[in-house]
Amino acid sequence: MPLADERRLMGPVSGLLWLAGAGVGCISGAMPWARVSIAGHALAVTLLQPLVAASLWLTGGQDAYMGPVLVLPMLYVAYFFPPRYAWPLAALEVATYASPLLWTSGGHLLLQRTLGYAVAYAGLTLTIQFLKRRLLEAEREQRTMAHEDPLTGLANRRAFDAGLNAALAGGQRRFALLLIDVDAFKQINDHYGHSTGDRVLRELAAHASAEVRAGDLLARIGGDELALFAPGAGRDAALRLAEALRLAAARVSPGHDAAPISITVSHAVFPEDGVDRATLMRALDRELHDGKASRRS
């Protein structure tokens with residue numbers, strides 16, 4: 001093969017090799033993109049623009065067949081980058097698309113195509129950014145609904161179970177569990193109505209939340225049953241938390257002329273009272289039952 005023909009073939013072959021190498025590196029995880037900040041990704045897009053401009057020049061300038069391929073980085077930028085990065089990158093890519101104007105005379109057709117590309121880029125970016133924002137808002141709402149009790153605003157049973165399971169699986173050195181049950185709650189519902197019962201639970205949740213630490217997980221796990229997961233707490237801390245919760249409940253009343261409500265609180269400490277979920281929950285239920293029985297006697 002003549003030398004000129006070999007050099008002509010080297011360009012496409014080397015391009016394919018570079019693309020294949022970069023593709024394998026990105027897809028296989030050899031390039032640690034997950035650890036790169038969004039600013040780092042934006043910098044990578046910026047640094048690639050000279051290569052894109054060179055590709056446009058090498059493939060025909062204003063008639064380059066690479067032009068339509070730029071819809072791919074358009075989609076990439078519009079979807080993955082937040083607005084503060086997406087719009088500057090969009091302007092940069094439009095400028096790259098128009099770069100053949102720098103070395104091409106009479107590029108009126110390219111100028112028109114660039115204006116069309118810019119309008120399309122802006123419309124696509126606006127649409128994708130809007131749809132992605134709506135998608136993220138819906139996802140946050142679903143996540144909240146999946147882990148939050150709608151009545152009290154506390155965590156729900158699923159969130160409590162997830163926190164406890166994570167602590168057990170993660171080798172948490174020590175934590176306390178508390179189970180809180182409202183005494184005679186059925187009588188409150190029967191005498192004052194279910195709307196008052198709901199109000200009592202909301203007020204109890206609010207007062208109890210004020211007594212727990214920032215890292216604790218307070219959840220409503222049943223009708224009138226709350227549970228508290230307190231990382232790092234031992235026996236003494238659990239007893240102090242139980243007393244604080246009882247005092248919090250004493251600030252809640254079903255009516256102006258009614259006595260404050262009372263609660264029964266049981267506790268269990270990991271690992272002293274059990275090293276697995278079933279054992280800990282049995283210890284909580286047993287102490288709660290004994291506490292209820294002693295109140296009735």
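**Figure 1. Strand β1 and its two partners.** β1 and strand β3 (residues 225-231) pair up in the antiparallel sense, with seven bridges between them. This is a predicted model, so keep that in mind for every view here. Want one pair to look for? Asp181 has Glu225 of β3 as its bridge partner. Strand β4 (residues 263-270) also runs antiparallel to β1, and eight bridges join the two. Here, Ala176 stands opposite Val269 of β4.

**Figure 2. The open sheet, strand by strand.** Four strands line up in the order β2-β3-β1-β4 to make an open sheet, and the pairing is antiparallel. Why does one side of β2 and of β4 have no neighbour in the sheet? Both stand at the edges with a single partner strand each, so one side of each is left free of a neighbour in the sheet. On average, neighbouring strands of this sheet are turned by 15 degrees against each other, if you ignore direction.

**Figure 3. Both faces of β1.** Is strand β1 (residues 175-182) mostly enclosed or mostly open? Eight of its eight residues are buried, so the rest of the structure largely encloses β1. Check one side and you'll find Phe175, Leu177, Leu179 and Asp181, all buried. Flip to the other side and there are Ala176, Leu178, Ile180 and Val182, which are buried too.

**Figure 4. Inside the nonpolar cores.** The largest nonpolar core has 29 residues, and the ones with the most contacts inside it are Leu178, Ile180, Leu228, Ile261 and Ile263. The elements that give two or more residues to this core are β1, α7 (185-192), α8 (194-209), β3, α9 (235-249) and β4. Which of them gives the most? That's α9, with six residues. Zoom in on Leu228: not counting residues up to four places away in sequence, Leu228 touches a whole list of residues, including Phe160, Leu178, Ile180, Val212, Leu241 and Leu245. There is also a second, separate core of 19 residues, with Leu177, Ala219, Ala227 and Leu280 among them.

**Figure 5. Helix α9 against the sheet.** α9 lies across β1, β3 and β4, and runs at about 160 degrees to β4. With 15 residues at 1.5 Å a residue, α9 should span 21 Å, and its end C-alpha atoms are indeed 21 Å apart. Its buried residues are Ala237, Ala238, Leu241, Ala242, Ala244, Leu245, Ala248 and Ala249. Looking down the axis of α9, you'd see these buried residues fall within an arc of 165 degrees, so they line one face of the helix. Here's the background: an α-helix has 3.6 residues a turn, so residues three or four places apart point the same way. The buried residues of α9 pack against β1, α8, β3 and β4. Asp236, Arg240 and Leu247 are exposed, on the face of α9 turned away from its buried side.

**Figure 6. Helix α4 and its buried face.** The 15 residues of α4 (residues 83-97) should span 21 Å at 1.5 Å a residue, and the 20 Å between its end C-alpha atoms agrees with that. Buried here are Ala86, Leu89, Ala90, Glu93, Val94, Thr96 and Tyr97. Down the axis of α4, the buried residues fall within an arc of 150 degrees, so they line one face of the helix.

**Figure 7. A close look at Thr125.** Thr125 has its place in helix α5 (residues 108-147). Buried or exposed? Its relative accessibility is 1%, so Thr125 counts as buried, the cut-off being under 20%. Setting aside its neighbours within four places in sequence, Thr125 is in contact with Ala78, Ala86 and Trp87.

Definitions and conventions. Residues are numbered from 1 along each chain as its sequence is written. This is a predicted model: local features need pLDDT of at least 70, side-chain atom pairs count only at pLDDT 80 or more; totals for chains, interfaces and linings use all residues. Side-chain values use heavy atoms; hydrogens and water are left out. Buried means under 20% relative accessible area, exposed over 50%, partly exposed in between (1.4 Å probe, protein chains only). Two strands pair if DSSP finds at least two bridges between them. A nonpolar core is a set of buried Ala, Val, Leu, Ile, Met, Phe, Trp, Tyr and Cys residues joined through side-chain atoms within 4.5 Å. Contact means heavy atoms within 4.5 Å. The expected span of a helix is 1.5 Å times one less than its number of residues. The arc is that of the directions from the helix axis to the C-beta atoms. Axes are lines fitted to C-alpha atoms, for helices over the stretch in contact, and angles run from 0 to 180 degrees between N-to-C directions.
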